[in-house]
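Reader: I am new to protein models and would like to learn how their labels are earned. Could you show me one and let me ask about it?

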Amino acid sequence: MDEAVRQAILSVNAISAFNEHHGFEIAELSPGHATLRMKTDKTSLNHAQTLHAGVAAGLLDTAAGFAAATVAGQVVTVGLNTAYIAASVGPVFEARADVIRAGRTQVFVDAKLFAIGNDDKLIATANVILTKK
């Protein structure tokens, strides 16, 4: 992957208030792939003390966006379909996103969210459609 693309993605993560608030960290970046991690705290949990669905969707969406950006440059999400499979408290979550197809104007990404420390338990999946800016 081009170093300028890598630096641009790292910069976007660093300046995003949402990503900073939830502690999103980029663990891996390669062409068509991104892995992000976050540690839970009380602001990321719901009333049942499990990971809030909105935070889970945000982590999946961000990982998908970064994976798409590795092959398409700047993108924005136009579709996010999330399936919640299991509840978890973490303490660490990892979103793994892979580009399925990068077309002329849209990028299709498959993302999975795992609870790390629980035998990498799959807790959510997402199909994400992004459009090039």
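Author: What follows is a talk about the labels used for this protein and the values behind them. Please keep in mind that this is a predicted model.

Reader: Thanks! What makes up the fold, counted in helices and strands?

Author: The protein has three helices and six strands. Starting at the N terminus, the order is α-α-β-β-α-β-β-β-β.

Reader: Why is the protein called as compact as a globular protein of its length?

Author: Its radius of gyration is 14 Å, and the globule rule gives 14 Å for 133 residues; the two values are close, so the protein is as compact as a globular protein of that length. Along the principal axes, the C-alpha atoms fill a box of roughly 40 × 25 × 25 Å.

Reader: How much of the protein counts as buried, and how much of its surface belongs to carbon and sulfur atoms?

Author: Of the 133 residues, 40% count as buried. The accessible surface comes to about 6800 Å², and 53% of that belongs to carbon and sulfur atoms.

Reader: And where do the charges sit on average, positive against negative?

Author: There are 11 positive and 12 negative charges, and their mean positions are 6 Å apart.

Reader: On to the strands. How do you know that β2 and β4 pair?

Author: A pair needs at least two bridges. Strand β2 (residues 33-39) and strand β4 (residues 92-102) are joined by seven bridges, so they meet that cut-off, and they run antiparallel. At one place along this pair, Lys 39 stands opposite Val 92.

Reader: What makes β4 and β5 a pair?

Author: The reasoning is alike: β4 and strand β5 (residues 106-116) share 10 bridges where at least two are needed, so they count as paired, in the antiparallel sense. Ala 95 stands opposite Leu 113 in β5, and Ala 97 has Ala 111 as its bridge partner. A hairpin through three residues joins β4 to β5.

Reader: Which strand pairs with β6, and over how many bridges?

Author: That is β5, which pairs with strand β6 (residues 121-132) over 10 bridges, again antiparallel. Here Val 107 has Leu 130 in β6 as its bridge partner.

Reader: Why is Thr 62 called buried?

Author: Buried means under 20% relative accessible area. Thr 62 has 13%, so Thr 62 is buried. This residue is found in helix α3. Leaving aside neighbours within four places in sequence, Thr 62 is in contact with Asn 19, Phe 24 and Leu 36.

Reader: What makes Ala 69 buried or exposed?

Author: Ala 69 has 13% relative accessibility, and the cut-off is under 20%, so Ala 69 counts as buried. Ala 69 is also found in helix α3. Not counting residues up to four places away in sequence, Ala 69 touches Val 5, Ile 9 and Val 75.

Reader: Now Thr 125: which label does this residue get, and why?

Author: Partly exposed lies between the 20% limit for buried and the 50% limit for exposed. Thr 125 has 22%, so Thr 125 counts as partly exposed. Its place is in strand β6. Beyond residues up to four places away in sequence, Thr 125 touches seven partners by name: Leu 60, Asn 81, Thr 82, Ala 83, Ile 85, Ala 111 and Lys 112.

Reader: How do you know that Thr 125 touches Ala 111?

Author: Contact means heavy atoms within 4.5 Å. Ala 111 is listed among the residues that Thr 125 touches, so the two have heavy atoms within that distance.

Reader: What makes Gln 49 worth a look, as far as phi goes?

Author: Most residues other than glycine have a negative phi. Gln 49 has a phi near 65 degrees, which is positive although the residue is not glycine. Its place is in the loop between β2 and α3 (53-72). With a relative accessible area of 47%, which falls between 20% and 50%, Gln 49 is partly exposed.

Reader: And which peptide bond is called cis?

Author: Most peptide bonds are trans. The bond from Gly 90 to Pro 91 is cis, with omega near 20 degrees. Pro 91 lies in the loop between β3 (75-84) and β4.

Terms used
Residues numbered from 1 in each chain as written. Predicted model: local features only at pLDDT ≥ 70, side-chain atom pairs only at ≥ 80, totals over all residues. Heavy atoms only, no water. Helix = DSSP H or I, 4+ residues; strand = E, 2+ residues; numbered from the N terminus. Rg over C-alpha atoms; globule rule 2.2 N^0.38 Å. Buried < 20%, exposed > 50% of the residue type's maximum accessible area, 1.4 Å probe, protein only. Areas by Shrake-Rupley, 256 points an atom, 1.4 Å probe, with all protein chains shown as cover. Lys, Arg positive; Asp, Glu negative; His and termini not counted. Charge placed at Lys NZ, Arg CZ, Asp CG, Glu CD.
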